[in-house]
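This report introduces one protein chain to a reader who has not met it before. Please look over the sequence and the structure below before reading on.

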Amino acid sequence: MTGASATGSTLNERRVVATDADDYRHVTIVFTDIVASTALLSRLGHKEGMAVIDEVIARIKEVIHGFGGAVLHIQGDGVMAIFGVPVVLEDHLQRAVLAALAIRDQMRSAAADENTPQLRIGIHSGQVRLRWLANDYGRVLDAVGHAAHIASRVERLCPPNSIA
């Protein structure tokens, strides 16, 4: 199957759905985190601050989806996305980097508003174990392994408004 990316170029992809436990895949993981979200909530108040955070997360999700990625988790003000699942993408790393650049550029464009927060974005490619986890509300896909761990650590270490 062929699809168009958010940049308008045609990219090859193969639809393969991860459904089995202990499925190992080579993917690219992207972590985004809003810098100083606690201070933002204190400054704006909970209701207005959460509206800003929710809008930023909605933008991040839209860009991730536009480049063929999938959002695995949203935890507070952070987003974990995966490229290469459920659709196997030969260019998952390229798509993840382009998505991260688009997210960063979108946030920079919106930075004229003093309430627009800064982001940190971490990216890493490698093998992960895909597994379905059950919680009290249903099942969620999870990706664990070295690539996910490194992407998370890289995000925490990079300066605000940067990608590493």
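The sections that follow treat the overall make-up of the chain, the confidence of the model, its nonpolar cores, a pair of packed helices and some details of the backbone.

## Overall make-up

The structure is a predicted model, and its secondary structure comes to 4 helices and 9 strands. Followed along the sequence, these elements appear in the pattern β-β-β-α-α-β-β-β-α-β-β-α-β.

The chain has 164 residues, of which 44% are buried. Among the contacts in the chain with a separation of 6 or more, 66% are between residues that stand 24 or more positions apart.

## Confidence of the model

The average pLDDT of the chain is 86, and 85% of the residues score at least 70. Confidence is highest in strand 5, at a mean of 96, and lowest in strand 1, which covers residues 2–4 and has a mean of 39.

Over residues 1–12 the pLDDT stays under 50, and for this stretch the model has 23 contacts beyond four places in sequence. These contacts are best read with that confidence of under 50 in mind.

## The nonpolar cores

Which residues have the most contacts inside the largest nonpolar core? This core has 23 residues, and those with the most contacts inside it are Val30, Ile60, Ile64, Phe83, Ile103 and Leu119. At least two residues of the core come from each of strand 3 (23–34), helix 1 (37–44), helix 2 (46–66), strand 5 (78–83), helix 3 (92–109) and strand 7 (119–135). Helix 2 gives the most to this core, with 7 residues. Apart from this core lies another, of 15 residues, which include Ile29, Ala70, Val85 and Ala143.

Phe83 offers a view of the surroundings of one core residue. Leaving aside residues up to four places away in sequence, Phe83 touches Val27, Thr28, Val30, Ile64, Phe67, Gly68, Gly69, His92, Arg95, Ala96 and Ala99.

## Helix 2 against helix 3

Helix 2 and helix 3 pack at an angle of about 145°, and their axes are 9 Å apart. The crossing in which helix 2 passes helix 3 is right-handed. On the side of helix 2 the contact is made by Val56, Arg59, Ile60, Val63 and Ile64, while helix 3 contributes Ala99, Ala102, Ile103, Gln106 and Met107. Sorted by class, the residues of this contact are 8 nonpolar, 1 polar and 1 charged.

Two of these threads meet in Ile60, Ile64 and Ile103, which take part in the contact between the helices and are also listed among the residues with the most contacts inside the largest nonpolar core.

## Details of the backbone

Is the peptide bond from Val85 to Pro86 cis or trans? This bond is cis, with omega near 0°, and Pro86 lies in the loop between strand 5 and strand 6 (87–89).

Ala36 has a phi near 60°, a positive value in a residue other than glycine, and lies in the loop between strand 3 and helix 1. With a relative accessible area of 47%, Ala36 is partly exposed. Asn161 likewise has a phi near 60°, again a positive value in a residue other than glycine, and is found in the loop between helix 4 (146–157) and strand 9 (162–163). The relative accessibility of Asn161 is 23%, so this residue counts as partly exposed.

Note on methods
Residues numbered from 1 in each chain as written. Predicted model: local features only at pLDDT ≥ 70, side-chain atom pairs only at ≥ 80, totals over all residues. Heavy atoms only, no water. Core = buried A, V, L, I, M, F, W, Y, C linked by side-chain atoms within 4.5 Å. Buried < 20%, exposed > 50% of the residue type's maximum accessible area, 1.4 Å probe, protein only. Contact = heavy atoms within 4.5 Å. pLDDT = per-residue confidence, 0-100. Axes fitted to C-alpha atoms, helices over the stretch in contact; angles between N-to-C directions. Left-handed = near helix turned anticlockwise from the far one by under 90°. Nonpolar A, V, L, I, M, F, W, Y, C, P; charged D, E, K, R; others polar.
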